[in-house]
Amino acid sequence: MKPIVSCRGITKVFGKGELAVHALRGIDLDIMEGDFATLAGPSGSGKTTLLNMVGALDHPTAGEVAIDGQPLSGMSKSALSDLRLNKIGFIFQAYNLVPVLSARENVEFVLRLLRVEPAERRRRADEALAEVGLQGMEGRRPSALSGGQQQRVAIARALVARPRIVLADEPTANLDSTTTKELVDLMYRLNQESGITFLIGTHDPRVMEHSKRHIEMNDGQIESDTRG
Amino acid sequence: MLVSLAWRNIWRQPVRSVLSLIGLAFSSLLLVFMLSFQFGVYDTIKIGALGLFDGFGQFQPEGYDDDPDISKQLPGSQALLAADQIKGVSATAPRASSFAILANGDTSFGAAVIGVDPAREPAVSTLYSTISEGRYLEPEDSAAIVMGAGLVRNLGLALGDNVTMLGTGNDGAVAADVLELVGIFSTGVNAVDRQITQMPLARFQETYNMGENVNVIALRGPDFNGVIRAAPDLQGLAEAEGAVYLRWDDLQPEVRQMITLDLSTAMLMYGIMIVVVVFILLNTLYMSVLERTREFGGLMAIGMRPAQIGAMVWLELVFLSLLGAGIGIALGAGITIWVENVGISFPGMEDVLGQWGISGRVYPDLSFFSASIGPGIIVGSIIILGLIPYRRILGLEPVSAMGAA
């Protein structure tokens, strides 16, 4: 298997001088195709910062991140946007849905950016929503959906463009235990059935239970990286 | 996609958007009405001041305007009289004029004596309509004169009295005549009522020994602006006949100066109003952009380019400003059209307005220009200044944007 994400010597320092905070200290990490990996660690350990680097949302102070063999350094903002659009799906703790769009339109939004034809766009969006169990709720706006339903829409949006990897940052933090279990089962099933690669930053033991690979971080470094 | 998103985003905060629209619409309405009203007043002043006597334009001999000497006469007057065939011009009237001493017994006053063609003159000037006693000149009149009420009062004349006229003829000889006062006009313009008299052109030409020559040909059209548009043709005709053509602002430069001064002051006020409105609106809209920084970060994360987000926000500004200005123009035009029909009166200001040839009511004049220039500047300013939030969005980084409060 080849790595989808390759991090070499990733360092991230916020601030300067005495106020400098070393969020990441020389991380080396490969995320392989088909991984269902969890990234855990105490608050401030660098999980979110690492996810931001892997997701091409932030630039490392030193080191190199490559997605699908393509180094991110030197890429323009627009090129990074295109890379995220084509290769990465995001699931956020706060869902980050567009409030003025319906569930279907939120999912279709990514396909619109990819200039997919309207009929194909609608078919794929409805399929993705059905896959996450939201059939019949396509026309509802986020405000008319529960937190769990909104997170399902966010998962459908992350998956609809068939990305190379889905990055999830605390996706279950705002959800109750039943909804959390349903969503974790869903992501795991998608990984198992479709082979979609997941990297999930989480504190939640219910998420970690399903993980095939567990990465533990502390103080900006990888403390352990175990498969099981 | 961006268009639809931008439109929906406007209505996320309906109260804020409606308040912004009301602000935009009201300022646009005000600008449409005020500018139309102002231009309407200017047109009324121009038509009143020029229509009373001068006409909307005149053919004159070279140098006559600066030194109106009777010996400066129009060559080719027949060809110039045919200017009423030019599009925008409906009538022409020949005139000859001189200054003379008018006397009644021991009382005498200097005045302008103007020979007019009684058949043609009423189609060019409205002086005939201000006759308050007696009648205006008629084609069969010969030794007749009409005079302003002020001059009649100064000379102690009454209708039917004879007045002695003493002037200098075309050849330098004495030009004298005795004329019967057949009409008294009261224009409300003191300078005209005290200094102007009219007599039949044929009698004037005979008395002043100027053959069939004239000094001036005045003209008028059904529409003031139509005569302005015809100016190039009229200038061409004047040049061909060895004359000059004087536009309205050559004839009444003080009217032009008054309008320019008034317009400059008004533009300053409108400019201040536009600046205040634009910046209040931009502030409101910019706040809404700042509030959505986190959302923009999310959109960037899922692959939307910063330029696309910036364009979406810019479109929101464009839609809002166009909608507000559109509503304002529609309402402003509606109110202006209504006032165009009923007019506005200024009780107690009749004397002041009368000096500018305005009687009674004032009517606005709605035009494409008056309806579009004010709102257009507001929309244009917002569209251009809307590039400020656009540029801010271009500078956003996804992570810092998502971390915004």
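**Stop 1: the two domains of chain B**

Select chain B of this predicted model and colour it by domain. The domain assignment gives domain 1 as residues 2-49 plus 255-402, and domain 2 as residues 62-242. Place a pseudo-atom at the C-alpha centre of each: in chain B, the centres of domain 1 and domain 2 are 49 Å apart.

Now show the residues where the two domains of chain B touch. Five residues of domain 1 are in contact with six residues of domain 2. Between these domains of chain B about 490 Å² is buried, with carbon and sulfur atoms giving 49% of that area. What is the count of salt bridges between domain 1 and domain 2 of chain B? The count is zero. For residue pairs in polar contact, both at pLDDT 80 or more, the count between the two domains of chain B is also zero.

Select helix α2 of chain B, residues 14-54. On the side of domain 1 that touches domain 2 in chain B, this helix gives the most, with three residues. By class, that side of domain 1 of chain B has one nonpolar residue, two polar and two charged.

**Stop 2: the interface of chain A and chain B**

Show both chains and select the residues in contact across them: 26 from chain A and 24 from chain B. The area buried between chain A and chain B is about 2200 Å², and carbon and sulfur atoms give 61% of it. Pick Lys77(A), Val100(A) and Phe109(A) next. Together they supply 25% of the area that chain A buries against chain B, more than any other three residues.

Turn to the polar and charged pairs. The rule finds three salt bridges across the interface of chain A and chain B. To see a salt bridge between side chains, display Arg8(B) and Glu105(A), with an N to O distance of 2.6 Å. Across the interface of chain A and chain B there are also seven residue pairs in polar contact, with both residues at pLDDT 80 or more.

Which elements give two or more residues to the side of chain A that touches chain B? They are α2 (77-87) and α3 (103-113) of chain A. The largest share of this side, six residues, comes from α2(A). Coloured by class, the side of chain A that touches chain B shows 12 nonpolar, six polar and eight charged residues.

**Stop 3: an open sheet in chain A**

Stay with chain A and switch to cartoon. Four strands form an open sheet in the order β2-β1-β4-β5, with antiparallel pairing. In chain A, β2 (21-32) and β5 (70-71) stand at the edges with a single partner strand each, so one side of each has no neighbour in the sheet.

Select β1(A), residues 3-14, together with β2(A). The two strands pair in the antiparallel sense over eight bridges. For one position in this pairing, label Pro3(A), which stands opposite Met32(A) in β2(A).

**Stop 4: a salt bridge within chain A**

Widen the view to the whole structure, where a search over all chains finds 32 salt bridges. One to display is Asp225(A) with Arg213(A), where the closest N and O atoms are 2.7 Å apart. Asp225(A) lies in strand β10 (residues 221-227) and Arg213(A) in strand β9 (residues 213-218) of chain A, so the pair ties together parts that are 12 residues apart in sequence.

Conventions
Residues numbered from 1 in each chain as written. Chains lettered and ligands numbered in written order. Predicted model: local features only at pLDDT ≥ 70, side-chain atom pairs only at ≥ 80, totals over all residues. Heavy atoms only, no water. Pairing = 2+ DSSP bridges. Contact = heavy atoms within 4.5 Å. Buried area = accessible area lost by both parts, 1.4 Å probe. Salt bridge = Lys/Arg side-chain N within 4 Å of Asp/Glu carboxyl O. Polar contact = N/O pair within 3.5 Å; in protein donor to acceptor, adjacent residues only side chain to side chain. Nonpolar A, V, L, I, M, F, W, Y, C, P; charged D, E, K, R; others polar. Domains from an automatic or database assignment.
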